[in-house]
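Open the model in your viewer and keep the selection tool ready. We will move from one stop to the next.

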Amino acid sequence: MDPHGAGAAPQPDLDATDFDSYSDADLVRLNDELKKRNTLLDNENKLFESYLARVNPVGGGTALASAKAGSHAAANAVSGVGKDDATLMDSQIEEERKAAAAAAAASDAAGRREKKKKGEKTKEVDKPIPLTPEQKSEIATRELEELRDEIEKQKEEWGKILDNYKAELEEVEIRVSDIKKSMYEFKRDIVQQAVNQRTGKVVAERVLRYFDDKIRAKEAIIEKVRLKNATLKVQKNKLHLQLKQKEEMGEVLHAIDFDQLQIENKQYLAKIEDRNAELLKLKMTAGNTVQILNFYKKKLQSLTGESQKLRNEIDQRRELLSKLNSESSLVSQERKKAEEVNLRLKEKMEEFRVPPVMEYVHIKAEQHDLIKKVKSWERKVEIASMQTHRMKKIWYQIH
């Protein structure tokens with residue numbers, strides 16, 4: 001809507017218009033133009049009504065009623081335009097103009113408060129004074145500022161509501177994380193570790209002890225919160241007492257001090273939100289750390305069991321190696337004895353003289369027995385050396 005009316009096209013003089021000479025298309029076009037003009041005037045009247053109700057809510061009732069009546073009359077006139085109703089339409093449009101002028105004059109008269117000179121009587125307004133484009137522009141500007149102020153107030157209110165919703169959402173997220181942490185601890189401490197190996201059921205004593213510990217922890221938190229609440233109540237009473245003393249002494253906060261305190265309060269609230277976000281991150285990090293720690297604890301237990309198995313196997317291999325070493329030493333001694341016997345036999349064979357036949361037969365039989373014994377001992381030595389070589393390989397593989 002243009003308050004100055006500069007954007008509106010010049011309207012024809014309906015009194016001097018010959019509607020009989022108009023065609024149906026011209027009458028439809030004129031009807032559309034008059035509808036647009038009436039819509040413009042209706043919006044203008046609403047603007048003036050809101051301004052008048054804000055400036056003078058009590059004295060503007062008559063002007064508002066007349067403006068509304070003029071607007072309705074103009075709307076009825078537009079709806080009944082035809083070739084035979086031209087005179088009626090002209091008269092209704094004139095009434096609408098007068099009603100709009102009366103509303104503007106009433107708003108101007110209510111807005112102006114001039115001081116009257118001493119002894120001078122107030123003069124009654126006989127005819128309405130139309131508003132100038134500058135006055136219309138000023139009214140529209142003021143209403144626009146009021147509308148902007150109202151929009152800003154609504155933004156502040158909805159911003160507070162949005163902040164409250166965000167705070168509630170953060171609180172819900174923190175509670176959900178605490179519940180997840182409690183569920184994880186319950187599964188870790190009760191479901192996995194408090195199961196009886198024989199019956200396969202959860203031990204009731206462990207469950208009761210777990211919930212008793214949780215209840216004691218909650219009671220400790222409640223006690224801390226109660227003490228904190230009592231401290232805050234004492235501080236609140238002190239502040240109320242100080243404020244009352246300042247009011248009695250006339251040291252009430254000014255608007256500038258109050259604005260400064262609001263700025264400081266916003267800064268502290270922002271810091272508190274940052275600290276809360278940091279605390280939430282630390283809680284999540286602590287939960288992840290606990291999960292990783294439990295994983296590595298389980299891994300450490302499995303590795304410790306495997307290490308114990310390997311130690312037992314190493315002890316067994318050492319015992320077997322010691323036995324093999326003792327057997328190898330015995331075989332070495334027997335081999336030395338056999339070599340000495342063999343050496344003596346070789347010396348005797350070198351000093352051999354042809355004996356009698358029977359003696360030769362006996363000696364040959366004894367030699368045959370000795371050769372069998374030598375082969376047997378050599379076989380034993382070979383087996384022992386192979387066993388020793390295999391045990392050395394096993395020992396090297398272990399170390």
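Start by selecting residues 24-55, which form helix H1, and residues 133-191, which form helix H4. This is a predicted model. The two helices pack with their axes 10 Å apart. The angle between them is about 70 degrees. Angles from 65 to 115 degrees count as roughly perpendicular, so H1 and H4 are roughly perpendicular to each other.

Now show the side chains where these helices touch. On the H1 side, pick Glu44, Leu47, Phe48, Ser50, Tyr51 and Arg54. On the H4 side, pick Lys136, Ile139, Ala140, Arg142, Glu143 and Glu146. Colour this contact by residue class. You should find five nonpolar residues, one polar and six charged.

Next, zoom out to the whole chain. How many helices and strands are there in the protein chain? Count seven helices and zero strands. Read along the sequence, the pattern is α-α-α-α-α-α-α.

Stay with the full view and colour by burial. The protein chain has 399 residues, and 15% of them are buried. Then think about contacts. Take those in the chain with a separation of 6 or more: 72% of them join residues 24 or more positions apart.

Now go looking for a hole. A search of the whole structure finds one cavity of 30 Å³ or more. The volume of the largest cavity is about 50 Å³. Which residues line the largest cavity? Select Arg317, Leu320, Leu321, Met391, Ile394 and Trp395. Then show helix H6 (255-350) and helix H7 (357-398), since each supplies at least two residues of this lining. By class, the lining holds five nonpolar residues, no polar ones and one charged.

For the last stop, centre on arginine 317. Arginine 317 lies in helix H6, and this residue is part of the lining of the largest cavity. Is arginine 317 buried, partly exposed or exposed? Its relative accessibility is 31%, so arginine 317 counts as partly exposed. The band for that label runs between 20% and 50%.

Draw a distance from the C-alpha atom of arginine 317 to that of tryptophan 395. The viewer should give 7.6 Å, although the two residues are 78 apart along the chain. Finally, hide the neighbours of arginine 317 within four places in sequence. Its remaining contacts are with Ile394 and Ile398. Of these two, Ile394 is also one of the residues that line the largest cavity.

Notes
Residues numbered from 1 in each chain as written. Predicted model: local features only at pLDDT ≥ 70, side-chain atom pairs only at ≥ 80, totals over all residues. Heavy atoms only, no water. 1 Å grid on protein atoms, 1.4 Å probe; cavity = no way out; pocket = protein on both sides within 12 Å on 5 of 7 lines; lining within 4 Å. Points joined across faces, edges and corners; volume = space filled by probe spheres on them. Helix = DSSP H or I, 4+ residues; strand = E, 2+ residues; numbered from the N terminus. Nonpolar A, V, L, I, M, F, W, Y, C, P; charged D, E, K, R; others polar. Axes fitted to C-alpha atoms, helices over the stretch in contact; angles between N-to-C directions. Parallel < 35°, antiparallel > 145°, perpendicular 65-115°, else oblique. Contact = heavy atoms within 4.5 Å. Buried < 20%, exposed > 50% of the residue type's maximum accessible area, 1.4 Å probe, protein only.
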